[in-house]
Amino acid sequence: MSKLKLSGVSKAYGATLALRRGDLELMAGEVHVLMGSNGSGKSTLCKIIAGSVRPDGGKILVDDQPVTISGPRSARAHGIGIFYQELSLAARRSVEENISLGKLPVKSRVFIDRSELRQRAARYIGLFDGVCGEGFSADTLVGNLRPDQRQLVEIMKALASEAPLLIFDEPTSALDRAQVERFFEILRDLKRRGRGIIFISHRMDEIKAIGDRVTIIRDGETITTLNLDDTDPAAVIRLMVGGAGDMPASQSSVPAVVEGKGGAALTVRDLSGRGFRNVSFEVGRGEILGFGGLHGQGQSAVLRAIFGAGSIASGEILIGDSRFDAANPRDAIRRGCAYVSGDRSRDGVISGRPIIENVTPIHYLRDRLLIARPGKLRDRVAPALESMHTKFASLFHPIGSLSGGNQQKVIIARWLIDRPDVLLLDDPTKGIDLSAKADLFALIRQLAAEGLGIVLYSSEDAELLGNANRILVFNGGSVSRELTGADRTRYNLYQAAYEAA
Amino acid sequence: MAETATVPTYRRTGGIGRLLERYPFLPALVIVAALLLLNGFFSPNSLTLRALTGLLSTYMALILLAIAQTYVVYAGDIDLSAGAILSLVNVAIVVLMERWGGGAGAVFLALAIGLLLGLACGLVNGLVVAALRLQAIVATFATSIFFTGFALYVLPVAGTPAPALFWRTYGGRLFGVPFVFYILAALVILVAVMSRTRLVTQLLAVGDDQQAAYQTGLPVITTRIKGYVLCGLFSALAAFCITGDTASGDPLVGGKMTLYSVAAVVLGGSALSGGWGTVVGSLLGALTIGLINSVVFFMGTPSEWQNFVQGLAILLVLMAGVLAGRRARS
Amino acid sequence: MSRVVSFVRQPIVVALVLIVLLLYLGEALSPGFATGGQILRLLIVASLLGIVAAGQNVVILGGREGIDLSVGGVVSLSAIIAGNVMNGADGGILPAVAACLAAGAFFGLLNGLGVTLLRIPPLVMTLGMLGVLQGLLVVIRMGIPSGQAAPALSRFVTQPLAYGIPGIIWLWIVIGILLALMLNRTVFGHRIYAIGSNEHAAYMAGVPVKLVRIALFMTSGMFAATAGLCLLGYSGTSFANVGEQYMLPSIIAVVFGGTSLAGGKGGYTGTMAGAVLLVILQSILTTINIEESGRQMVFGATLLLLMMFYGRGRAMRA
């Protein structure tokens with residue numbers, strides 16, 4: 001029988017439709033994988049089940065009974081436990097308190113039952129015995145843990161709910177292989193005991209290893225549900241990206257050697273700092289240098305450090321021929337360096353403000369402006385936005401009224417009014433739609449043709465292979481391999497990324 | 001795998017850091033000890049039992065008010081009406097005690113009503129801030145005006161005396177030991193018991209990350225309301241002490257004390273953003289304010305400079321409190 | 001339809017509607033309340049609060065729990081400095097203005113340095129500064145007399161200057177226009193909004209976050225000092241802690257004007273309406289013939305009621 005059934009669940013945030021039509025049926029004793037590209041609505045769907053997002057419409061059945069989930073507490077009462085992708089931990093509480101936070105054991109009705117708390121924590125910590133890593137204990141504050149350890153605590157917390165129905169929204173993104181193995185053993189055991197499990201991951205090998213069925217979501221709509229045994233990864237990916245799937249990756253391959261534009265735009269020698277060590281490379285004018293490898297191997301840290309927003313312990317950076325050691329982003333911008341982050345909401349978007357104010361800050365700084373005359377600015381801003389086919393109603397609408405892809409275009413347009421010499425792209429296409437990606441890469445290649453030196457880190461191999469002249473593969477904070485010319489293949493990239501991991 | 005190598009320093013290992021993490025009020029304790037020494041240095045008499053009793057009976061109300069404030073700060077809220085609640089309970093119990101004749105029965109009945117009044121005020125604050133989602137700073141300022149108005153209604157001008165039974169007990173001795181020490185002992189026990197309750201952990205979890213607490217299934221709104229109710233109750237207790245100390249009713253007595261209670265909480269190393277702190281720290285913070293005032297006096301500071309030096313000293317220890325608290329949390 | 005609703009729900013529209021309603025109410029309760037001269041008197045009082053609220057407003061806009069509790073202390077300090085520097089002579093006005101602005105800027109600078117360099121929360125820093133200022137006031141007051149306002153200053157504040165409207169109201173209007181221009185038409189203004197709505201993104205886009213924030217606190221100090229100067233002109237001489245009555249009301253005026261305490265959202269025009277609203281409310285309460293206690297209770301309850309119209313926090317469930 002079905003443990004959980006969703007039909008036609010929808011959710012809109014203002015004008016943005018996060019989930020158009022979510023359908024899902026979860027059986028007892030199965031691991032049901034949810035797949036879809038970033039922003040397709042998977043997390044929204046999970047949060048609706050877990051009660052932390054209120055659906056606009058649709059039906060939810062638990063054990064074939066229609067239910068209304070009025071909040072996280074009500075979800076727990078209906079036997080639903082969840083691992084949140086962004087974690088739901090109290091950083092200044094101990095591991096044991098966090099594990100039981102949803103239902104703290106009490107004695108005499110008001111006091112915390114410490115011994116029960118400890119026992120319960122020991123039970124779930126024990127499941128991960130040997131893979132928790134150094135410094136992990138029941139009384140450590142969660143804020144003092146490493147990211148992978150925090151993720152383990154969130155897993156333990158979800159398990160401690162002992163809910164018949166468990167949701168894991170990207171639980172493995174920071175875990176190492178041993179931790180993932182152990183986690184999968186636990187999941188298999190839960191499966192045997194008849195729990196229903198919803199599982200989200202982007203790693204195809206993990207999905208193959210643990211999943212029974214897969215439901216594919218695209219643009220907020222459930223496309224289909226398949227048996228994983230009856231399908232292959234390529235088919236799943238085709239379903240995920242839809243008809244447009246062939247567009248960006250299969251563009252004519254970029255030349256391995258750039259025609260002589262004269263000299264290096266950016267030179268980095270033996271750079272070490274927090275998160276990376278002994279990184280050296282050179283980017284020529286007109287060249288696009290790719291950074292590849294698994295997520296979080298130091299690529300972002302290097303780019304941020306160059307931009308003056310990270311720490312540098314030793315090493316040397318040159319832009320053109322002159323030494324470049326930006327004390328902060330302001331300094332870096334003044335000296336012709338540009339940085340675009342994929343984490344728009346954290347690093348880029350000035351939320352709640354008009355589009356025009358989101359395009360102009362770099363211009364203000366580089367032209368040392370004091371007065372902001374809308375008429376005059378409009379003439380500078382409009383061409384920058386148009387060069388990427390940005391869609392907007394007016395420059396004075398809030399940036400929040402745009403889709404994610406268009407917001408990112410606005411952020412990039414910032415750098416086009418006064419051209420930089422070096423452009424650092426830190427996974428710039430995270431969570432944006434395919435047509436926006438295509439516009440973006442067309443622009444990047446045009447900028448390179450105009451003589452900018454560009455560094456592109458992307459978590460999507462296809463973007464690197466389709467746009468980079470050379471690719472440096474990062475592993476554990478340093479460059480493990482350089483792929484040039486005909487070596488730039490998906491296979492080599494994949495192999496280099498997983499080599500030592 | 002790689003994360004270990006790439007991002008090495010997530011745990012702090014320093015002994016001081018560990019110690020601060022476990023006992024965040026240590027800096028406040030050191031400051032209190034230093035101030036006591038200074039007091040003793042400038043005026044040896046100030047360390048006598050008699051002088052310390054005086055200090056305690058004067059600042060016991062602020063100590064309680066600081067503790068009251070701590071429980072709302074735990075959850076990331078603030079209560080600017082705590083002083084007004086204190087005033088209201090002060091005049092209410094004084095008027096009731098007088099009306100009922102000032103006997104032991106009247107005193108206890110009045111105190112019980114005072115506690116209920118504090119509870120009701122806290123409940124109003126909690127409903128307004130947590131249930132109606134008004135901004136804590138402005139909403140509790142508005143309720144403070146309301147409570148002050150109510151206090152003025154109960155007793156329009158300061159001056160009604162408290163019954164002798166009440167203030168003699170507060171300022172007197174029991175079995176040879178000054179009564180305020182019993183209060184202090186009872187308070188320490190009460191606070192220790194409180195710290196083991198589920199509510200305190202929930203308050204701290206809510207203050208740590210409200211959204212996460214909600215997603216975890218904690219009753220966030222109820223928890224915050226309970227925090228304000230606790231604050232109201234402890235403000236009422238503070239009112240009992242101020243009544244014992246001043247032996248009279250004054251509808252404006254607590255007005256100035258609110259901001260001091262906030263300062264005491266910060267001095268104790270608690271984070272105003274919530275999720276981190278100790279009640280003991282606030283207790284020490286309130287004592288710090290009292291001791292600063294007395295050191296400045298005993299130092300022989302010219303009278304016109306005393307307020308300034310006090311203000312400056314408090315600003316400096318406030319900054320120290322914030323910096324030490326951050327060090328403990330980093 | 002929805003456009004009408006969203007227009008009506010704008011805080012400034014709410015405030016203006018409430019102002020008109022309150023004027024009607026005042027006139028009904030006490031005939032003569034809403035006459036021209038009476039309204040001008042209300043506006044003079046409102047302009048004092050409004051000028052303090054101007055500084056409070058920009059600090060709050062700058063975000064990171066920005067708030068300035070020291071404004072009350074600066075108002076008092078400025079009044080006493082001004083009274084002594086001018087000491088009843090018109091020739092002393094300019095030096096007094098300079099001295100007051102310098103003092104306001106100085107204490108604002110201290111606040112700003114504490115908040116940015118030492119990362120002390122603004123509430124704590126400015127609360128501590130308030131204590132220092134109050135102590136300083138005692139020192140000054142013990143040493144020197146409270147001083148007198150220059151006749152020209154008193155005329156500026158209380159007597160009509162042009163078109164029958166007193167100078168202080170003109171000054172307030174000019175401040176309103178200048179602030180609106182600054183917030184909307186200058187790079188500095190855009191940077192205030194940028195750090196208020198997403199400080200990290202602003203930093204990554206090259207905004208000198210710390211400098212801007214220090215400037216905000218200095219601006220707040222200077223506005224408070226200006227208000228203190230005008231307050232001296234209003235009352236003729238300075239009293240102890242005259243400024244204290246402005247500390248929390250200046251925050252309420254900002255909130256009633258639709259500026260979010262979270263920062264990055266709002267503006268000064270609304271705050272001006274908020275200040276007028278607050279003053280009219282207080283004034284109506286003084287015209288009603290009830291005890292002070294009842295007046296305060298009604299005032300507190302009305303404030304709470306009005307807050308229901310403004311930026312209530314977001315529900316936790318999205």
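Chain A of this predicted model splits into two domains: domain 1 runs over residues 2–246, and domain 2 covers 264–498. Measuring from centre to centre over C-alpha atoms, domain 1 of chain A and domain 2 of chain A sit 33 Å apart.

As for what chain A is built from, its secondary structure adds up to 18 helices and 22 strands. The chain has a radius of gyration of 24 Å, and the globule rule gives 23 Å for 501 residues; the two values are close, so chain A is as compact as a globular protein of that length. Put in a box along its principal axes, the C-alpha atoms of chain A take up roughly 70 × 50 × 50 Å.

The inside of chain A can be described in a similar way. Out of its 501 residues, 48% count as buried. Looking at contacts in chain A with a separation of 6 or more, 69% of them come from residues 24 or more positions apart along the chain.

Now for the place where chains C and B meet. Chain C brings 39 residues to this contact, while chain B brings 42 residues. On the chain C side, helix 6 (122–143), helix 12 (247–256) and helix 14 (292–307) each provide at least two of the residues that touch chain B. Helix 6 of chain C gives the largest share of that side, with 14 residues. Sorted by class, the side of chain C that touches chain B is made up of 25 nonpolar residues, eleven polar ones and three charged ones.

Methods
Residues are numbered from 1 along each chain as its sequence is written. Chains are lettered from A and ligands numbered from 1 in the order in which they are written. This is a predicted model: local features need pLDDT of at least 70, side-chain atom pairs count only at pLDDT 80 or more; totals for chains, interfaces and linings use all residues. Two residues are in contact if their C-beta atoms, placed from the backbone, lie within 7 Å. Helices (H or I, at least four residues) and strands (E, at least two) are DSSP runs, numbered from the N terminus. Ala, Val, Leu, Ile, Met, Phe, Trp, Tyr, Cys and Pro count as nonpolar, Asp, Glu, Lys and Arg as charged, and the others, Gly among them, as polar. Domain bounds come from an automatic or database domain assignment. The radius of gyration is taken over C-alpha atoms; the globule rule is 2.2 Å times the number of residues to the power 0.38. A residue is buried if 20 or more other C-beta atoms lie within 10 Å of its own, exposed if 12 or fewer, and partly exposed in between; C-beta atoms are placed from the backbone.
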